[in-house]
Structures are given as structure tokens and as C-alpha cells.
Amino acid sequence: MQLKEDIYQKRAIHLACGTENRIVGITGQAGTGKTTIMKEVFSAFTGSGWNVVLAAPTGKAAKRISEATDIPALTIHRLLEFTHPGDPDEKTGKAIGHSFPRRDPQRPLDQNVILVDEYSMVNEKINRNLIDAMSSGCLLRLFGDTNQLPPIEEFSVGRGSAPPLSPFKTHLKKFPSVTLQNIYRQGEGSDVVKNAHRILHRMCPQPLPDFVIRLTNNQADTLLPYVERDPEAFRSLDNQIITPTHRGPIGTRKLNLSIQAIVQSGNYSEGRTMPRNKWDKHDLTLYTGDKILWTKNDYNLGIFNGETGIVLEFEQYGQVVVDFGDRVVSIPPLVSYERADGITIHYDPRVNLQLAYAITTHASQGSEYESVYYLMDTYAYMLQDQANFYTGVTRARKKACVISDTKSFQKAVTTQPRVL
């Protein structure tokens, strides 16, 4: 990457490595060099004796940036030492009780430089917790892409009003920041980045060798032959089907069952029915070789929300052995731990397993794959905008295939998200 010749990157490094600004933000679309800058900033501060930590909003985002930079990374929750919440409500699944950070103004963080990747995913509550936990003189450096999906927030606005700015966009406006301009992956021939750039400028993506566009009103019927031709490719963690929604003809629920039937055709191993939470009305049967998604941060097992893996085997007492790519974990039928209030909690972690042949755009955020199949249809019409489209296709490092009807395709290109 042409680091020294890029005035925006040079300014970003100079600003981030300075000590006069407590908060500095760096943003830019895919391929502009945010990861390279992060490594430079980390190296500069550690070389000067500062205590530096790299963090990200989710476990999978922390894992990805750690792999990209060779720097150990934590989730923000782990950095702030969040407690376990109370037991989930049987009807809603929401925690009863309160989870809170043990790191706060009374017990601030030990580090004096904090680098956070994927800050566009950080909501207002976690943003506030992080800033409150910073010690006097601590520096915060934020990296992210404002074009991606905004964080999920709970807010009340008047009818017709736009939601408030995300914490990342607020910081970029309030504090010194740099927006990177030059796309280097495009210069290296990335068809994905070329078309991502077009999406952001309200231009339709173009069919290119590594960016296939299939316009059809039979999206699932167009996708499934790809799976039939090469089932192993869709079982791999390197390839991912992404859709905006859980429901409907191209929702994750229906697609996952259809793809599982194809991928597991001829697999005569005995399937295992997984326990479900009481509020989850959808049964789940897993087979060896199934691709799964983990749906909750579990610090007892060291598995984090959004991680995907492959089922290797089922052990004698109900354990599910899963290969998460960088480690193999045996997920037991029972975990016990003592909560902060002294109460011992018992739970079955297997309720956090879901099929992952197809996942939502939100679930994919913070991840990267070699190739992506991104689907849209009119059932999910209200979810389609530039942010969802851009986020979905830019999860692909090398190749993307968009399968959509014409109406959804045009809306996704021309509709800007309500969060400004």
C-alpha cells in the first residue's frame, strides 16, 4: 500500500499519533488503508512506551482485525469487564437484570491508548461506557467506515424525523478526523471495491469478472444451483450467503433449511436436535459438517456473537464439537458460573447455535469472506438501501455475486439510509 505517498494517510497517522487530541477519528470506505494506518499507530505508540490496546465491538470483528494486523484484539465488552446479565426472560429472551462494566470512572482502564476498529457498529451506550472508563490522559483512536450499517439503537423520534447521528459520526464531526480518499484495493484490480464505490455514488454496479449480477424474480431458484454444483464451497467459512432479512423467500430461515438439505444430501450420519430457547419457535437439527452461527457472547466458553464454524462431531454426552477456524471448541450441554451477585447460574449453551449457510447483513458486519452471495427481493424492500447493499458486498475480499429482482436492485442503489 502506498502509505508514504498518500497525503490523507500521512495526515491520519500524524493526527492519530499526536498526543494533543484525546479523541481522533479515521474513516474511509473499503480499500482506503484503515488497517495499515492502525498498525502504524499501534507500532508508534508501543515503540514510545505507551500501554496500547486494540479493541472492536464484536468478537468476530476483534478476531478479524487481529488476523489482519497480527495484534491481539479484545471486544469492548471484555476490555470494560462487563458482568453477566441476569437470566433471560422466557417469553422475550431479554435479560432480566442489568449487565454493567466493572471498568468505570472509579476503576478506569489501565491502558493509556485505545484503538477501536469498526466503530460504526458501536452504539451510544457502549460509546458512553468506553469514554467513562478512560483514565486521565488516555487517548482514543477510532477507525471505521461510515457507509456501513449504523448500530442498532433504541431511540424515540418524531414522525418523519431522522434518527440521531451514530456515536462514530458524532465523534467525526466533533473531534479532529480524517476521511481517507484513495482506494488502493481498486488499483490492485478489486472488482468488489470498484462496484462498492459506484454504490456509494448512486450508480448501479457493473457486471465484472469478479462481480456477477443476476437479475431475476426467482432469487432462491437462481442461488440453489450454485450450491448444488459445489456444496463444499458453501460449507466453507471462506464463502458466505448474505441477505437483509430472516423472513420471507430469501430470509435466512428458509434458505438455511434449503441449503442444508442440499449440502447434507447423502450424509447418513444421525442428526441431533438442538435445545431451543422457549421464545424460539424454530426447531434445529444439526449434522456433522453443518455450518453454524453462534448468537451470543459467551465468556465462559470463549465464543462470541457472530462467529461461524463447522460441526465436526457429536460426543457421547451431548457435546457439539465445532471448528471455528482458529480453534476447536467442545460445546457442552451444561455450563455453570457464579454471577456478580453470588447466584450460581446453570444454562445450556447449545441454544446459541443456528445454521449459517445464510446470515443477515447485520450478522455479517465485522467479518470478511473470500466470496459473498448477496440476495435481495421485494419481501425485504424496506430494508434495502445503500448501507445494506454496500455492507453486504464489501464483506467479500475477492468475489461477489448479487442475485436480485430489478426493483430491489435499483432501490438499494438509489436509497440513502435514514441515519445521516
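These notebook entries record what I looked up in the structure above, which is a predicted model.

**Entry 1: aromatic pairs**

I searched the whole structure for aromatic pairs and found seven. I began with Y119 and F168, whose ring centres lie 6.0 Å apart with planes at 55°, so I recorded this pair as tilted. I then asked which parts of the chain this pair ties together. Y119 belongs to the loop between β4 (113-116) and α5 (124-132), while F168 belongs to helix α6 (residues 167-174), so the pair joins parts that are 49 residues apart in sequence. I also looked up how covered each partner is. Y119 has 0% relative accessibility and therefore counts as buried, the limit being under 20%. F168 is likewise buried, at 1%.

Next I turned to Y374 and F389. Their ring centres are 5.5 Å apart and their planes meet at 20°, so this pair is stacked. The reason lies in the angle, because planes under 30 degrees apart count as stacked. Y374 sits in strand β19 (residues 369-376) and F389 in helix α13 (residues 386-393), so I noted a link between distant parts of the chain, 15 residues apart. Y374 is buried at 1% relative accessible area, and F389 is buried at 0%.

I noted one cluster as well: ring pairs connect Y226, F234 and Y373.

**Entry 2: charges over rings**

I looked for charged side chains placed over ring faces. R229 lies over the face of Y226, 5.0 Å from the ring centre; Y226 is also a member of the cluster just noted. K411 lies over the face of Y381, at 4.9 Å from the ring centre.

**Entry 3: nonpolar cores**

I asked which residues have the most contacts inside the largest nonpolar core. They are I241, I259, L286 and L353, in a core of 33 residues. I followed I241 further and set aside its neighbours within four places in sequence; its contacts include L223, F234, L255, I259 and Y373. Two of these, F234 and Y373, I had already met in the ring cluster. A second, separate core has 25 residues, among them V192, M376, V393 and A400.

**Entry 4: Q384 and its surroundings**

I located Q384 in the loop between β19 and α13. Is Q384 buried or exposed? Its relative accessible area is 1%, so Q384 is buried. I then examined its polar neighbours. A polar atom of the Q384 side chain lies 2.6 Å from the backbone oxygen of D377, and the side chain of Q384 also makes a polar contact with the side chain of S408, at 3.2 Å. Beyond four places in sequence, Q384 is in contact with M376, D377, S408, K411, A412 and T415. K411 is the residue I had recorded over the face of Y381.

**Entry 5: N239**

I found N239 in strand β8 (residues 239-243). N239 has 16% relative accessibility, so it counts as buried, the limit being under 20%. Apart from neighbours within four places in sequence, N239 touches A233, K291, E370 and S371.

**Entry 6: the hairpin of β13 and β14**

I looked up how strand β13 (residues 320-323) meets β14, and found that four bridges join the two, which run antiparallel. V321 stands opposite S330 in β14. Four residues lie between the strands of this hairpin, and G325 takes a positive phi near 95°.

I then compared the faces of β14 (residues 328-331): V329 and I331 form the covered face, V328 and S330 the uncovered one. The pattern is expected because side chains in a regular strand alternate between the two faces of the sheet.

**Entry 7: helix α8**

How many of the 10 residues of α8 (residues 191-200) are buried? I recorded seven, so the helix is mostly covered, because buried means under 20% relative accessible area. The buried residues are D191, V192, V193, N195, A196, I199 and L200. V192 also appears in the second core. Just after α8, R202 takes a positive phi of about 60°.

**Entry 8: P349**

I placed P349 in the loop between β16 (344-347) and β17 (353-355). Its relative accessible area is 0%, so P349 is buried. Leaving aside neighbours within four places in sequence, I listed its contacts as W294, D298, L301, I331, P332, P333, L334 and V335. I331 is one of the residues on the covered face of β14. Finally, I checked P349 against R276: these two are 73 residues apart along the chain, and their C-alpha atoms are separated by 9.7 Å.

Conventions: Residues numbered from 1 in each chain as written. Predicted model: local features only at pLDDT ≥ 70, side-chain atom pairs only at ≥ 80, totals over all residues. Heavy atoms only, no water. Phe/Tyr/Trp six-rings, centres within 6.5 Å; stacked < 30°, edge-to-face > 60°. Buried < 20%, exposed > 50% of the residue type's maximum accessible area, 1.4 Å probe, protein only. Lys NZ or Arg CZ within 6 Å of the ring centre and 35° of its normal. Contact = heavy atoms within 4.5 Å. Core = buried A, V, L, I, M, F, W, Y, C linked by side-chain atoms within 4.5 Å. Polar contact = N/O pair within 3.5 Å; in protein donor to acceptor, adjacent residues only side chain to side chain. Pairing = 2+ DSSP bridges.
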